[in-house]
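The following exercises are to be worked with the sequence and the three-dimensional structure at hand. Each task is followed by a stepwise solution.

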Amino acid sequence: MSRYRLSLVDGKYCLRDSFSSQKPLSLSFSSPRFLRRVKAASKNSELLAKAVGSRKGLKVVDCTAGLGREGFLLAYLGCEVTLIERSKVIYFLLLDALNSARFDPDLKEAVGRISLYRSDAEEFLSQYRSWDVVYIDPMFPEKKKTSLPKGDMQYLQRFLSKEKNDGSLLKMAFRCQFRRLVVKRPLKTVFNEIKNPDSFVQNDKIRYDIYSGI
Ligand SMILES: C[S@@+](CC[C@H](N)C(=O)[O-])C[C@H]1O[C@@H](n2cnc3c(N)ncnc32)[C@H](O)[C@@H]1O
């Protein structure tokens, strides 16, 4: 039997890890915690919104959708967000969460500003090159046990631990036409990419590097 299994529980899809006692991974944008966060969100309270320069109608491609939270937050703030996810399973969980959010009066407008695609973002960007903002949040390198990411993100990291992350997506992103390219990085990342960022915003955990385009 394979380690991971996608199953339907009470009408909701979830991913089970038979090697872990952690509760199965399912995605929802309607949890009270996430709702509080998006309702309070602004450029001042959310670092990502500041990094992206969020505003109504801004066309953002989130190349690494993952749990969809950051992309959703930007859509809630009025951005037109294209979410790209490479993993078939994570794409499916995201689709399920977005379909449920369509019926939530607090969230349906934001869902209407989101398009979700299952694709490798490198391939997607090679076809669709012109954006206001290109956003990349790659999986961070695995950490020591004491500083593992928490909850759902920990699940995601375990599930996707064998996926490649070799910087080629960033190289492709630089070939696009954008006003801003924003890359999320661990705070202490030593810089060794093609180009130094033009600016950054950070808190005590993470940093968003900002590259200016046209
Ligand atoms: C760290 S998670 C992103 C978390 C996300 N920002 C959020 O708010 O939940 C990275 C996600 O990007 C996806 N990913 C990584 N490289 C990708 C690529 N080249 N194309 C599409 N998806 C990719 C992974 O499958 C994973 O789900």
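Ala, Val, Leu, Ile, Met, Phe, Trp, Tyr, Cys and Pro count as nonpolar, Asp, Glu, Lys and Arg as charged, and the others, Gly among them, as polar. The model is predicted: local features need pLDDT of at least 70, side-chain atom pairs count only at pLDDT 80 or more, and totals for chains, interfaces and linings use all residues. Residues are numbered from 1 along each chain as its sequence is written.

**Exercise 1.** Determine how the residues of the shell around the ligand divide by character.

*Solution.* The shell divides into ten nonpolar, four polar and eight charged residues. Of the 22 residues around the ligand, those that come nearest are Thr64, Gly66, Leu67, Arg86 and Ala121; a residue is near if its C-beta atom, placed from the backbone, lies within 6 Å of the molecule.

**Exercise 2.** Identify the sense in which strand 3 and strand 4 pair.

*Solution.* Strands are DSSP runs of E of at least two residues, and helices are runs of H or I of at least four, numbered from the N terminus. Two strands pair if DSSP finds at least two bridges between them. Strand 3 (residues 59-62) pairs with strand 4 (residues 80-85) in the parallel sense, over four bridges. Within this pairing, valine 61 stands opposite threonine 82.

**Exercise 3.** Establish where glutamine 154 lies and whether it is buried, exposed or partly exposed.

*Solution.* Glutamine 154 belongs to helix 7 (residues 151-159). Glutamine 154 is partly exposed because 15 other C-beta atoms lie within 10 Å; 20 or more would make a residue buried, and 12 or fewer exposed, with C-beta atoms placed from the backbone.
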